[in-house]
Amino acid sequence: MLHSALINVMVKAARRAGRSLKHDLNEIEHLQVSLKGPANFVSLADKRAEEMLYTDLAKARPGYGFLGEEGGQREGTDKSHSWIVDPLDGTTNFLHGIPQFAISIALSREGTIIAGVIYNPANDELYIAERGKGAFLNDQRLRVAGRRKLNECVIACGLPHIGRGDHQLALKEMAALQDKVAGFRRFGAASLDMAFVAAGRLDGFWERNLSPWDMAAGQIMVREAGGMVSGIEGHDNALTTGNVVCGNEFVRGELVKILKAV
């Protein structure tokens with residue numbers, strides 16, 4: 001199908017960086033047996049992917065700002081537009097050779113996300129969304145799942161790990177939902193969790209303490225697939241608070257109600 005020039009720029013950049021990450025993923029298997037471990041290698045793979053993305057996006061759209069996980073904020077001459085990029089979402093998965101990771105690229109115009117691309121190079125799944133034009137997975141139109149009974153829903157979540165987040169709160173939130181849903185999933189890459197919600201593979205997702213690059217592309221993906229995205233308070237902006245809840249209108253509303261009561 002035909003995409004806009006903007007989406008073509010984003011897809012081209014994601015695919016080039018994706019080839020680099022896929023090559024690096026193949027090296028991980030060999031590095032797992034070394035005493036040193038592959039952590040330093042993954043850090044370099046992450047940084048290399050971000051520089052490739054920055055180079056390609058800056059060449060195509062000179063002057064746009066750039067917010068990346070590795071390099072932070074890079075100001076541009078165009079103050080209206082900014083790329084929000086995670087070059088490797090799901091680093092721990094990548095580190096262990098688990099093929100659940102993605103490149104996430106979003107474009108913000110005057111503070112509103114207008115386009116997003118999420119690409120998993122391990123299985124060549126490419127999610128795209130543009131404001132007002134819908135969301136797609138490998139050119140197939142996406143719609144969020146239509147379930148309206150929480151006990152039939154599979155919900156994804158994040159779980160804080162060592163040195164990060166409120167572990168006790170996470171346990172309380174899971175306990176509050178556990179007997180109300182069909183199942184939990186914890187996949188370890190927020191951008192793909194949100195893409196899965198957009199694709200109807202998951203009914204809902206929530207996580208706390210995320211950064212804008214974790215969910216900017218996922219936000220427009222879910223909304224363009226007919227879903228809703230908010231912070232955990234229900235009316236707040238997830239990109240500002242760092243806490244996100246999404247799903248169809250019913251599921252998001254139920255999750256907000258339960259999580260706010262914890």
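Contact is taken as heavy atoms within 4.5 Å. By this criterion, in the predicted model, helix H8 (residues 249–260) lies across strand S9 (154–157), strand S11 (204–207), S12 and S13. The direction of H8 makes about 145° with that of S13. These four strands belong to an open sheet of five, ordered S10-S9-S11-S13-S12, in which the pairing is mixed. Strand S10 (183–185) and strand S12 (228–230) form the edges, each pairing on one side only. From one strand to the next, the twist averages 15°. S12 and strand S13 (residues 244–247) run antiparallel and are joined by three bridges; Val229 stands opposite Cys246 of S13.

A second open sheet contains eight strands in the order S2-S1-S3-S4-S5-S6-S7-S8, again with mixed pairing. Its edge strands are S2 (72–74) and S8 (140–141), each of which pairs on one side only. S6 and S7 are antiparallel and share four bridges, and Ala129 has Ala135 in S7 as its bridge partner.

Helix H6 packs on this eight-stranded sheet, where it touches strand S1 (64–68), strand S3 (78–89), S4, S5, S6 and S7, with its direction at about 100° to that of S5. H6 (residues 212–224) also lies across S12 and S13 of the five-stranded sheet, running at about 145° to S12. The helix is mostly covered, with eleven of its 13 residues buried; among them are Trp213, Asp214, Met215, Gln219 and Glu224. The end C-alpha atoms of H6 are 18 Å apart, which agrees with the 18 Å that its 13 residues should span at 1.5 Å a residue. Gly226, which follows H6, has a positive phi near 95°.

The largest nonpolar core comprises 37 residues, of which Ile118, Tyr127, Met194, Phe205 and Val244 touch the most other members. At least two residues of this core come from each of strand S4 (102–109), strand S5 (112–120), strand S6 (125–130), strand S7 (134–137), helix H5 (190–198), H6, helix H7 (238–241) and S13. Another core, of 33 residues, lies apart from it and includes Met10, Phe101, Leu107 and Ile114. Leaving aside residues up to four places away in sequence, Met194 touches Met215, Gly218, Gln219 and Val222, as well as Phe205, Val229, Val244 and Cys246. Of these contacts, Met215, Gly218, Gln219 and Val222 are among the buried residues of H6.

Helix H4 (residues 167–178) has twelve residues and reaches 16 Å from its first C-alpha to its last, close to the 16 Å expected at 1.5 Å a residue. Its buried residues are Ala170, Glu173, Met174 and Leu177. Seen down the helix axis, the buried residues of H4 fall within an arc of 95°, so they line one face of the helix. The cover over these residues includes S10, S11 and H8. Gln168, Leu171 and Lys172 are exposed, and are carried on the face of H4 turned away from the buried side.

Arg19 is located in helix H1 (residues 5–31). With a relative accessible area of 56%, Arg19 is exposed, the cut-off being over 50%. Arg19 and Ala49 are 30 residues apart along the chain, and their C-alpha atoms are separated by 9.4 Å.

How values were computed: Residues numbered from 1 in each chain as written. Predicted model: local features only at pLDDT ≥ 70, side-chain atom pairs only at ≥ 80, totals over all residues. Heavy atoms only, no water. Pairing = 2+ DSSP bridges. Axes fitted to C-alpha atoms, helices over the stretch in contact; angles between N-to-C directions. Core = buried A, V, L, I, M, F, W, Y, C linked by side-chain atoms within 4.5 Å. Buried < 20%, exposed > 50% of the residue type's maximum accessible area, 1.4 Å probe, protein only. Expected span 1.5 Å × (residues − 1). Arc of directions from axis to C-beta.
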